[in-house]
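Work through the exercises below with the sequence and the 3D view at hand. Try each task before reading its solution.

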Amino acid sequence: MGEGLLVVGDVVTDVVAVHGTPVATGTDTEADIVLRPGGSGANTASWAAYLGADAALLSRVGYDSSEWHTNELVKAGVRPLLSVDADHPTAVVIAMVDPTGERSMLTNRGAGGRISPADFAEPMLDGIRHLHLSGYTFFAEPGLQLARTIMAAAAGRGVSMSIDPASTGPLRAFGVERFLREIAPAGLVIPNLDEALLLTGAATPERAAEVLSERYGRAVVKLGPGGAVAAVAGRIAATAEALPVDAVDSTGAGDAFAAGYLTAWLSGAGEEAAVQAGCRAGADCVALVGGRPRYGLELNHLYPIHTD
């Protein structure tokens with residue numbers, strides 16, 4: 001077993017609209033609109049690579065923008081393990097970001113919703129120490145089969161595993177108890193506050209972390225501007241406050257947190273230091289438009305996309 005981190009999750013074309021006034025129904029609202037490479041899995045892998053991890057991403061992209069997304073991952077230092085769907089475009093999310101940095105999203109999963117066991121080969125786990133799966137992978141039947149397949153293969157190799165539950169809406173539609181059963185092989189769960197409360201029925205983030213850690217061994221609940229709390233084997237192990245930052249866009253903040261935490265934890269950091277590293281990465285992310293580390297681009301710079 002090596003030292004690599006393999007992320008399984010989505011690649012998304014993000015259209016981010018930052019608006020200074022409420023969206024007006026039936027008319028125009030002024031906004032700064034930018035195009036960014038995104039996706040929960042791709043964001044996590046990119047931040048992990050940025051922070052020094054040997055990171056790879058297993059995902060499925062579409063015919064419309066596969067070259068662009070592959071190049072963006074390579075520039076981020078990620079090893080892309082991408083299948084190209086000849087019949088469907090890459091997933092697209094339109095994110096509307098208000099003056100507080102909070103976002104509302106319109107989503108089309110596109111090719112990402114069709115990832116399946118056919119996109120995985122066991123040698124992809126060569127040199128991998130830890131497997132991290134985005135919850136979005138579980139929410140369509142082909143992806144669920146992939147998750148089962150790759151988790152079984154990872155368990156057979158002694159590879160540790162973590163899950164980011166992704167989003168409360170799809171979790172409810174999928175079924176909370178069903179999701180909890182499907183992620184049984186994981187030893188770490190990294191939900192945000194809403195996801196943690198939904199998954200446990202707990203009244204506080206601390207209790208949610210304790211409940212999840214009793215079931216999986218370790219849990220870290222992301223609290224956004226409230227920091228984070230971690231529990232191990234049913235007991236609170238660490239808390240951290242969020243760093244002060246002028247929030248521009250919360251897109252990808254949870255993905256960056258997961259990358260910061262995992263990179264530190266896999267490097268041997270203690271629980272408190274790992275949670276603090278997650279908070280630092282999250283703070284770096286919310287200071288940017290989009291969910292990835294920046295490469296010198298201005299706010300309104302539009303990426304080119306190769307299309308047919």
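**Exercise 1. The sheet**

Task: Lay out the open sheet of four strands, giving the strand order and the sense of each pairing.

Solution.

Step 1. In this predicted model, the four strands of the open sheet follow the order β3-β2-β6-β7, and the pairing is mixed.

Step 2. Find the edges. Strands β3 (32–38) and β7 (103–108) each pair on one side only, which makes them the edge strands. From one strand to the next, the twist averages 20 degrees.

Step 3. Recall the general rule. Sheet strands pair through backbone hydrogen bonds, in either a parallel or an antiparallel sense.

Step 4. Take the pairs in turn. Seven bridges join β2 (residues 12–18) to β3 in the antiparallel sense; D14, for example, has R36 in β3 as its bridge partner. β2 and β6 also have seven bridges, but these strands run parallel, and here V16 has A95 in β6 as its partner. Finally, β6 and β7 are antiparallel, with six bridges; V93 stands opposite T107 in β7.

Step 5. Look at the hairpin of β6 and β7. Five residues lie between the strands, and G101 has a positive phi near 95 degrees.

**Exercise 2. Two faces and a helix**

Task: Sort the residues of strand β6 into a covered and an uncovered face, then find which strands helix α2 touches.

Solution.

Step 1. Strand β6 covers residues 91–97. Its covered face holds A91, V93, A95 and V97.

Step 2. The uncovered face of β6 holds V92, I94 and M96.

Step 3. Turn to helix α2 (residues 66–75). This helix packs on the sheet and touches β2 and β3, and its direction makes about 75 degrees with that of β3.

**Exercise 3. Helix α7**

Task: Compare the length of helix α7 with the expected value, and list its buried residues.

Solution.

Step 1. Helix α7 (residues 205–216) has 12 residues. From first C-alpha to last it reaches 16 Å, close to the 16 Å expected at 1.5 Å a residue.

Step 2. The buried residues of α7 are P205, A208, A209, E210, L212, S213 and Y216.

Step 3. Use the helix geometry to read such a list. An α-helix has 3.6 residues a turn, so residues three or four places apart point the same way.

Step 4. Find the neighbours. The buried residues of α7 pack against several elements, including α5 (176–182), α6 (193–200) and β11 (218–222).

Step 5. Check what follows the helix. Just after α7, G217 has a positive phi of about 110 degrees.

**Exercise 4. Cysteines**

Task: How many disulfides does the whole structure hold, and why is C279 not bonded to C285?

Solution.

Step 1. A search of the whole structure gives zero disulfides.

Step 2. The closest cysteine sulfur to that of C279 is in C285, 13 Å away, so it is too far for a bond. A disulfide would need the two sulfur atoms within 2.5 Å.

Step 3. Both cysteines are nevertheless buried: C279 has 7% relative accessibility, and C285 has 0%.

**Exercise 5. Salt bridges**

Task: Take three of the 11 salt bridges in the structure and decide for each where its residues lie and whether they are buried or exposed.

Solution.

Step 1. D119 and R60 form a salt bridge at 2.7 Å, N to O. D119 is in the loop between β7 and β8, while R60 is in strand β4 (residues 55–62), 59 residues apart. Both D119 and R60 are buried. A network of salt bridges links R60, D85 and D119.

Step 2. R148 and E182 meet at 2.5 Å, N to O. R148 is in helix α3 (residues 141–157) and E182 in helix α5, 34 residues apart. R148 is partly exposed because its relative accessibility is 36%. E182, at 14%, is buried. The limit for buried is under 20%.

Step 3. K222 and D164 meet at 3.1 Å, N to O. K222 is in strand β11 and D164 in strand β9 (residues 160–164), 58 residues apart. K222 is buried at 9%, and D164 is buried at 4%.

**Exercise 6. A buried serine**

Task: Which strand holds S134, and which residues does S134 touch?

Solution.

Step 1. S134 lies in strand β8 (residues 128–134).

Step 2. S134 counts as buried because its relative accessibility is 2%.

Step 3. Leaving out residues up to four places away in sequence, S134 touches V8, G9, D10, S40, D164 and A166.

Key
Residues numbered from 1 in each chain as written. Predicted model: local features only at pLDDT ≥ 70, side-chain atom pairs only at ≥ 80, totals over all residues. Heavy atoms only, no water. Pairing = 2+ DSSP bridges. Helix = DSSP H or I, 4+ residues; strand = E, 2+ residues; numbered from the N terminus. Axes fitted to C-alpha atoms, helices over the stretch in contact; angles between N-to-C directions. Contact = heavy atoms within 4.5 Å. Buried < 20%, exposed > 50% of the residue type's maximum accessible area, 1.4 Å probe, protein only. Expected span 1.5 Å × (residues − 1). Salt bridge = Lys/Arg side-chain N within 4 Å of Asp/Glu carboxyl O.
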